[in-house]
Amino acid sequence: MKSPITVSITGGAGQVAYSLLFRLANGEVFGADQPVSLIIKEVPQFVSKLEGVKMELEDCAFPTLRDVTITDSDEDAFRGANWALLVGAAPRGPGMERKDLLTMNGASFRDQGHAISKTAADDIRVVVVGNPCNTNCLIAMRHAPDVPRDRFSALTRLDQNRAMAQLAQKAGAQVEDVTNVAIWGNHSSTQYPDFENARINGKPAPDVIGDRSWLENTFIETVQKRGAAIIAARGTSSAASAANAVLDHVRSAVNKTKGDNWFSAAISSDGNPYGVPDGLIYGFPCRSDGKGDITIVEGVILSDYAKGKLDITTQELLGERTDVSELL
Ligand code: LMR
């Protein structure tokens with residue numbers, strides 16, 4: 001067995017974490033020969049619930065689960081962490097946009113950034129899930145000056161998975177036949193799910209689907225508004241699919257990306273190669289070297305139509321950055 005890796009999860013008593021923790025512990029992400037130590041954080045008023053989660057984790061007797069620590073303190077939450085999955089945040093309710101949560105959630109990401117900077121392992125990698133995840137990630141990153149900014153990412157994988165499912169259903173194909181799905185920009189209703197560069201069985205998705213109007217309207221809107229549709233139907237936001245996307249995100253980061261495929265993640269822009277303003281946490285087509293390092297795929301062709309869509313989501317992210325300027 002290898003030496004254990006330490007994974008910190010915030011929002012530990014919430015529904016996303018409940019779907020996430022057991023699958024982090026069972027070896028399906030980091031491998032059957034990779035022990036995992038979990039540090040689970042929750043705010044003081046709910047931390048006692050974690051005693052029950054810890055008992056259940058122990059009762060699974062996963063050979064890959066080394067130990068479980070529960071805490072309500074940021075400093076203890078990230079001590080020695082190799083991965084920090086920042087799930088905890090107030091969720092949105094019906095009729096809200098994710099950015100309506102900025103003032104509620106932003107300060108906790110500042111504090112978590114500080115704690116990560118002070119206490120995490122040198123190779124820490126941070127995935128922000130709590131909404132609005134792009135801008136919360138930006139806040140955490142700015143407050144962790146000792147951590148290289150390419151270690152921070154936010155979750156657009158749920159949007160990618162949603163887009164893949166929609167394209168597969170429309171084409172009468174299997175989900176695994178759909179590749180190269182990029183979500184550009186914000187995890188919000190301005191995101192651009194890039195159907196022009198998506199492929200189905202290696203062919204351009206628009207050629208296979210043959211219905212540009214469906215792609216430009218129904219498809220984009222379904223993916224952009226899927227989170228709200230789930231809240232309307234369930235009365236509460238996505239949980240199992242969000243947790244599944246976090247696991248997919250981490251799995252994509254720790255495995256070398258195959259062939260010329262890519263996956264979606266929001267990472268810090270350096271202004272190139274698509275002209276996205278420097279420092280924004282922005283959804284891009286990404287590849288991994290298999291060691292956790294995620295980089296932007298260069299050379300993806302953007303039509304004028306796509307560039308127009310990118311402008312919209314860029315403007316929204318710039319607006320969010322202005323809105324939280326006091327926290328940066
Ligand atoms: C989602 O996309 O389902 C989550 O980000 C929750 C939400 O607020 O939509």
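In which strand is Tyr-282 found? The views below, all from a predicted model, take up that residue, then a helix, a second strand residue and the whole protein.

**View 1. Tyr-282 in strand β13.** Tyr-282 is found in β13, which spans residues 281–288. Its relative accessibility is 0%. Buried means under 20%, so Tyr-282 counts as buried. Setting aside residues up to four places away in sequence, Tyr-282 touches Asn-134, Trp-184 and Gly-185. Further along the chain, Tyr-282 also touches Ala-265, Ala-266, Ile-267 and Val-276. Leu-310, Thr-313, Thr-314 and Leu-317 complete the list.

**View 2. Tyr-282 and Ser-269.** These two residues are 13 apart along the chain. Their C-alpha atoms are separated by 6.5 Å.

**View 3. Arg-125 in strand β5.** The strand covers residues 125–128, and Arg-125 lies in it. Is Arg-125 buried or exposed? The relative accessible area of Arg-125 is 12%. The cut-off for buried is under 20%, so this arginine is buried. Contacts within four places in sequence are left aside here. Beyond them, Arg-125 is in contact with Asn-82, Trp-83 and Ala-84. Arg-151 is also in contact with Arg-125. So are Lys-291, Gly-292 and Asp-293.

**View 4. Helix α10.** This helix runs over residues 240–254 and has 15 residues. From first C-alpha to last, α10 reaches 21 Å. That is close to the 21 Å expected at 1.5 Å a residue. Which residues of α10 are buried? Ala-242, Ala-243, Ala-245 and Ala-253 are among them. Val-246, Leu-247 and Val-250 are buried too. The list also holds Asp-248, His-249 and Ser-252.

**View 5. The whole protein, for context.** The protein has 11 helices and 14 strands. Its C-alpha atoms fill a box of roughly 55 × 45 × 40 Å along the principal axes. A compact globule of 328 residues would have a radius of gyration near 20 Å, and the 19 Å of the protein agrees with this. Of the 328 residues, 53% count as buried. Among contacts with a separation of 6 or more, 75% join residues 24 or more positions apart.

**View 6. Surface and charge.** The accessible surface of the protein comes to about 13600 Å². Carbon and sulfur atoms hold 48% of this surface. The protein has 33 positive and 41 negative charges. The mean positions of the two sets are 2 Å apart.

How values were computed. Residues numbered from 1 in each chain as written. Predicted model: local features only at pLDDT ≥ 70, side-chain atom pairs only at ≥ 80, totals over all residues. Heavy atoms only, no water. Helix = DSSP H or I, 4+ residues; strand = E, 2+ residues; numbered from the N terminus. Rg over C-alpha atoms; globule rule 2.2 N^0.38 Å. Buried < 20%, exposed > 50% of the residue type's maximum accessible area, 1.4 Å probe, protein only. Contact = heavy atoms within 4.5 Å. Areas by Shrake-Rupley, 256 points an atom, 1.4 Å probe, with all protein chains shown as cover. Lys, Arg positive; Asp, Glu negative; His and termini not counted. Charge placed at Lys NZ, Arg CZ, Asp CG, Glu CD. Expected span 1.5 Å × (residues − 1).
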